[in-house]
Amino acid sequence: MASSSIPTVDLSPFFNEEGDEHGRRKAIETIARACAEYGFFQIMNHGMSTDLMNKALQLSKTFFQYPPEEKLKSSPGSGAPLPAGYSKHPDHSPDKHEYLVVLPPGSSFNVYPENPPELRSVIEEVFSHLVRIGSLLESIINDCLGLPPNFLKEYNHDRSWDFIAALRYFPATERDTDGITEHEDGNCITFVFQDEVGGLEVRKDREWIPVVPAEGKIVVNIADVIQVLSNKKFKSATHRVVRSKGRSRYSFAFFYNLHGDKWVEPLSQFTTEIGESPKYRGFLYKEYQQLRVRNKTHPPSRPEDVIHITHYAIET
């Protein structure tokens with residue numbers, strides 16, 4: 001197990017009206033290095049209060065402790081791009097957790113639990129904060145990649161496919177500690193905050209680094225869309241969750257996403273303009289997302305049949 005920790009980035013210079021140019025440069029350098037090496041970092045002073053984060057975790061814990069018949073009242077409806085509402089992985093799935101998915105506030109596909117009563121308003125408040133944080137990180141990553149100003153913002157201007165998941169990982173058994181197996185995320189940027197139980201680990205240089213829970217900090221990882229657009233200049237982070245014995249783990253994951261009708265392929269700035277071959281063939285984003293959702297709803301019996309971004313990789 002690697003002993004190093006993932007870098008922490010202070011975002012306060014980006015909220016400082018006086019303009020802390022040195023602080024901004026330092027943050028951009030740290031993020032660029034982390035994205036190029038393994039795609040993971042943490043942020044602090046990001047504009048969302050610790051009290052709100054803790055309240056969200058506590059309310060989700062209350063919900064997940066209800067009996068199954070109560071939770072199943074919030075099961076997903078049909079027709080949504082993602083199964084909004086409460087779900088639990090099939091027993092034969094390697095992933096051992098249950099979750100509540102919420103699409104953007106106002107979406108007609110959302111299925112909110114009636115109890116606890118505050119859960120809906122708190123999740124929607126967390127959602128709005130994370131959209132703002134996601135927009136800021138997207139602009140920083142835009143600068144890190146040397147793209148024209150607002151390039152990613154204009155490419156990814158539609159927020160209707162963003163979603164948040166409240167998650168409960170079950171306690172480990174004697175034979176099985178997997179909470180969610182080794183994977184990369186299929187979206188643009190992911191934000192995670194977790195309770196004190198921890199269990200999130202990121203792979204760097206073939207070793208697993210535990211992400212130690214720290215109150216008020218949010219973990220950020222780069223996901224597949226950014227890896228493809230940058231032609232693998234920035235890495236989609238490989239990570240997993242390891243369960244603890246005797247304790248459930250509670251967390252929230254926010255997926256700053258891409259609209260399903262967007263075309264995704266390596267940008268010319270990282271291919272033809274610098275004389276490099278594209279490492280991926282282009283694809284319609286919703287086709288990839290549908291394959292990823294199927295990984296979860298119908299887990300393949302063989303791990304090698306799980307769809308990853310390598311599905312679109314060009315052999316060199």
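Me: In what sense do S1 and strand S2 pair, and over how many bridges?
Reply: In this predicted model, strand S2 covers residues 40-44. One residue pair within this pairing is Thr8 with its bridge partner Gln42 in S2. The sense of the pairing of S1 and S2 is parallel, and the number of bridges is three.

Me: Which strands stand at the edges of the open sheet of eight strands?
Reply: The order of this open sheet is S1-S2-S10-S7-S12-S5-S4-S3, and its pairing is mixed. An edge strand here pairs on one side only. The two edge strands are S1 (8-10) and S3 (85-88).

Me: By what angle are neighbouring strands of this sheet turned against each other on average?
Reply: The sheet in question is the open one of eight strands with mixed pairing. With direction ignored, the average turn between its neighbouring strands is 25°.

Me: Which helix packs on this sheet, touching S2, S4, S5, S7, strand S10 and S12?
Reply: The helix spans residues 119-144, and strand S10 among its contacts spans 218-222. The direction of this helix makes about 135° with that of S7. The helix is H4.

Me: Is H1 roughly parallel or roughly perpendicular to H4?
Reply: Two packed helices are described by the angle between their axes and the distance between the axes. For helix H1 (residues 21-37) and H4, the axes are 9 Å apart and the angle is about 80°. Because angles of 65 to 115 degrees count as roughly perpendicular, H1 is to H4 roughly perpendicular.

Me: How many charged residues does the contact of H1 with H4 have?
Reply: H1 brings Ile28, Ile31 and Ala32 to the contact, while H4 brings Leu137, Ile140, Asp143 and Cys144. By class, six residues of this contact are nonpolar and no residue is polar. The number of charged residues is one.

Me: Where is Pro116 found, and is its peptide bond from Asn115 cis or trans?
Reply: Most peptide bonds are trans. Pro116 lies in the loop between S4 and H4. With omega near -5°, the bond from Asn115 to Pro116 is cis.

Me: What is the phi of Asp205?
Reply: Most residues other than glycine have a negative phi. Asp205 sits in the loop between S8 and strand S9 (207-210). Asp205 has a positive phi, with a value near 50°.

Me: In what order do the strands of the open sheet of four strands run?
Reply: The pairing in this sheet is antiparallel, and its twist averages 30° from one strand to the next. Its edge strands, each pairing on one side only, are S6 and S9. S8 and S9 pair over four bridges, and the bridge partner of Val202 in S9 is Ile209. The order of the strands is S6-S11-S8-S9.

Me: Which element gives the most to the lining of the largest pocket?
Reply: The largest pocket has a volume of about 1100 Å³, and the residues closest to its centre are Asp95, Ile180, His183, Arg292 and Lys296. Elements that each supply at least two lining residues include strand S5 (163-169), strand S6 (178-183), strand S12 (249-256) and helix H7 (285-297). With eight residues, the element that gives the most is H7.

Me: How many nonpolar residues are in the lining of the largest pocket?
Reply: The lining consists of 50 residues. By class, 18 of them are polar and eight are charged. The number of nonpolar residues is 24.

Key:
Residues are numbered from 1 along each chain as its sequence is written. This is a predicted model: local features need pLDDT of at least 70, side-chain atom pairs count only at pLDDT 80 or more; totals for chains, interfaces and linings use all residues. Side-chain values use heavy atoms; hydrogens and water are left out. On a 1 Å grid over the protein atoms alone, a cavity is a set of points where a 1.4 Å probe fits but cannot get out, and a pocket is an open set with protein on both sides within 12 Å along at least five of seven lines; lining residues have an atom within 4 Å of a point. Grid points are joined across faces, edges and corners, and a volume is the space filled by probe spheres set on the points. Ala, Val, Leu, Ile, Met, Phe, Trp, Tyr, Cys and Pro count as nonpolar, Asp, Glu, Lys and Arg as charged, and the others, Gly among them, as polar. Two strands pair if DSSP finds at least two bridges between them. Axes are lines fitted to C-alpha atoms, for helices over the stretch in contact, and angles run from 0 to 180 degrees between N-to-C directions. Contact means heavy atoms within 4.5 Å. Angles under 35 degrees count as roughly parallel, over 145 as roughly antiparallel, 65 to 115 as roughly perpendicular and the rest as oblique.
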